[in-house]
Amino acid sequence: MGVVARKGMLVYKIYRALSYVVSPLLQLHLRWRKIRGLEHPTRLPERLGRPSLTRPPGPLLWFHAVSLGEGMAAIPVIKECVKWRPDLNILLTTTTMSAFEVIINQLPTGVLHQFSPIDTPAAMDAFLDYWNPNAIMLLESELWPNLIMASSRKGILLALLNARVSMKSFKLWSSPVLFPLISLLLSKFSLIIPLSSMQAIHFQLLQAPPFIINFAGDLKYVVEYDASKEEFRSIDDLKVQLGHRKVWMASSIHRGEEEVMLGVHKVLKQVYPDLVTIIVPRYPQHGKDIAQKLQKEGQHVALRSQHQRIVPGRNIYVVDTLGELRHLYRLTPIAVIGGSFFPGLAGHNISEAAAAGCAVLTGYHVGHFSHMLREMQRLNPLSVLQVAGKLELEEAILKFFTDGKVLEARQTASKQAFHALSNGIIANAWNVLYFHVLKQALLKETDNR
């Protein structure tokens, strides 16, 4: 064992001891979250590694995603697993309630769901002992030391899919204290699929073995939302309500960004009195707060969760629901992707709007989504337009509304770029995952019988 590995093991032992000591506090914290509605009312024991489902016999693959975006990115890979190896059991864990509420309706039949255990020795050991997975697929940057080290001790193969590390985390992980631990954790993986070449460089600088890094493409290009007949009817009904009115959407906005979007709305409405602005905040409660504030100001607002209709005189439609964004993009020719207009924000998935054929705009604070933006702009410079703030956003949308050819060119460019970039990603991801992880994991299963 090298010097860095020995230091990493020492840091891990300290982490393990601390996580053991704070376990009672974490359990109290979970109960507090439950009281606030942030944990499932009846499934809290799952967060402590106690199952609520029976483990089926046979090999089992565990996919773990912390929140909605990562969970939805995992589903196309899970579907590919079901398609090619229907004999395998698949378990998906998520952490947040918002992820559970949407993903539970998107999972293929037979796929199991549990809430993820906290990363304490007792919870993680209980979870792994009960579910005994043959391989574990973690999404993005879920490097939990107890999970990874316990899995490695038990001989469970590990993969990191759509792997990324933010610049903030990269600087933190590169620090003298954490670098040996991160290097040790990454050495336990059999496969890392980074979402960009820059991310691959980050992982190599953190001493991930180069031979385990393989490219497949960004899974967020192939996120799917299966809508029910009722949901499709609802979207079609909204199309009818909008009629021939001018429409634009501000999606995934964070607190504070609504002021930018409503300022743009005010200017646009002076030119187009029948304008409809669709606002889709990142979090539903934010949507309710926006609607309440606007109503107090005397503005006519329609709220999605209340099934309020977009009638003449209502110019703002606030969506305070989850899991509908991909379908809502069908309502608008113009999509402004939020989470990108203020420092400290890190952007959101622009590919869903591009897939729907929207003219796509975003701010400059796009974080790790910068690779997606650059890829799309490289294929077609018209596919995504970055704007610095309210004035540039006003000018761009006014230009699109007044010049149909410019708008159409933007819409065509975004859709073409999306199709070019999304082609073959799932097949690539499955091939790499099967060759580097699943094949070996299932051979071990056969040898152990």
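These are my notebook entries on the sheet, the cores, the cysteines and the salt bridges of this structure. I am working from a predicted model.

**Entry: the sheet**

I began with the strand order. I find 6 strands in an open sheet, ordered 3-2-1-4-5-6, with parallel pairing. The edges are strand 3 (112-115) and strand 6 (191-194). Each has a single partner strand, so one side of each is left without a neighbour in the sheet. I also looked up the twist. On average, neighbouring strands here are turned by 20 degrees against each other, direction ignored.

Next I took one pair inside the sheet. Strand 4 (residues 135-139) pairs with strand 5 in the parallel sense, over 5 bridges. Which residue of strand 5 is the bridge partner of Leu 138? I find Leu 160 there.

I then checked what helix 5 does. Helix 5 lies across strand 1 (60-64), strand 2 (89-94), strand 3 and strand 4. Its angle to strand 1 is about 145 degrees.

**Entry: the nonpolar cores**

I looked up the largest nonpolar core and counted 75 residues in it. Which members touch the most others? They are Phe 63, Leu 161 and Leu 219. Helix 18 (residues 425-448) supplies the largest share of this core, 10 residues.

I followed Phe 63 outward, leaving aside its neighbours within four places in sequence. Its contacts include Val 77, Ile 78 and Cys 81. Ile 90, Leu 91, Leu 92 and Thr 93 are also among them. Met 137 and Leu 161 are in contact with Phe 63 as well.

There is also a second, separate core of 38 residues. I noted Ala 163, Leu 185, Phe 203 and Leu 206 among its members.

**Entry: cysteines**

I searched for disulfides and the count came to 0. I looked at two cysteines for burial. Cys 81 is buried, at a relative accessible area of 0%. Cys 358 is buried too, with a relative accessible area of 0%.

**Entry: salt bridges**

My search of the whole structure gave 16 salt bridges. I kept three pairs for a closer look.

The first pair is Glu 39 and Arg 47. Their side chains meet in a salt bridge at 3.2 Å, N to O. Are these two residues buried or exposed? Both Glu 39 and Arg 47 are buried. I also find them linked with Arg 33 in a network of salt bridges.

The second pair is Asp 129 and Lys 154, with side chains meeting at 2.6 Å, N to O. What does this pair tie together? Asp 129 lies in helix 5 (residues 121-131), while Lys 154 sits in the loop between helix 6 (145-153) and strand 5 (157-163). The pair therefore ties together parts that are 25 residues apart in sequence. I checked accessibility here as well. Asp 129 is exposed, with a relative accessible area of 51%. Lys 154 is partly exposed, at 40%.

The third pair is Lys 390 and Glu 394. The closest N and O atoms of this salt bridge are 2.5 Å apart. Both residues lie in helix 16 (residues 390-402). They are 4 residues apart, about one turn of the helix. Lys 390 counts as partly exposed, at 34% relative accessibility. Glu 394, at 9%, is under the 20% cut-off and so counts as buried.

Technical notes. Residues are numbered from 1 along each chain as its sequence is written. This is a predicted model: local features need pLDDT of at least 70, side-chain atom pairs count only at pLDDT 80 or more; totals for chains, interfaces and linings use all residues. Side-chain values use heavy atoms; hydrogens and water are left out. A nonpolar core is a set of buried Ala, Val, Leu, Ile, Met, Phe, Trp, Tyr and Cys residues joined through side-chain atoms within 4.5 Å. Buried means under 20% relative accessible area, exposed over 50%, partly exposed in between (1.4 Å probe, protein chains only). Helices (H or I, at least four residues) and strands (E, at least two) are DSSP runs, numbered from the N terminus. Contact means heavy atoms within 4.5 Å. A disulfide is a pair of cysteine sulfur atoms within 2.5 Å. A salt bridge is a side-chain nitrogen of Lys or Arg within 4 Å of a carboxyl oxygen of Asp or Glu. Two strands pair if DSSP finds at least two bridges between them. Axes are lines fitted to C-alpha atoms, for helices over the stretch in contact, and angles run from 0 to 180 degrees between N-to-C directions.
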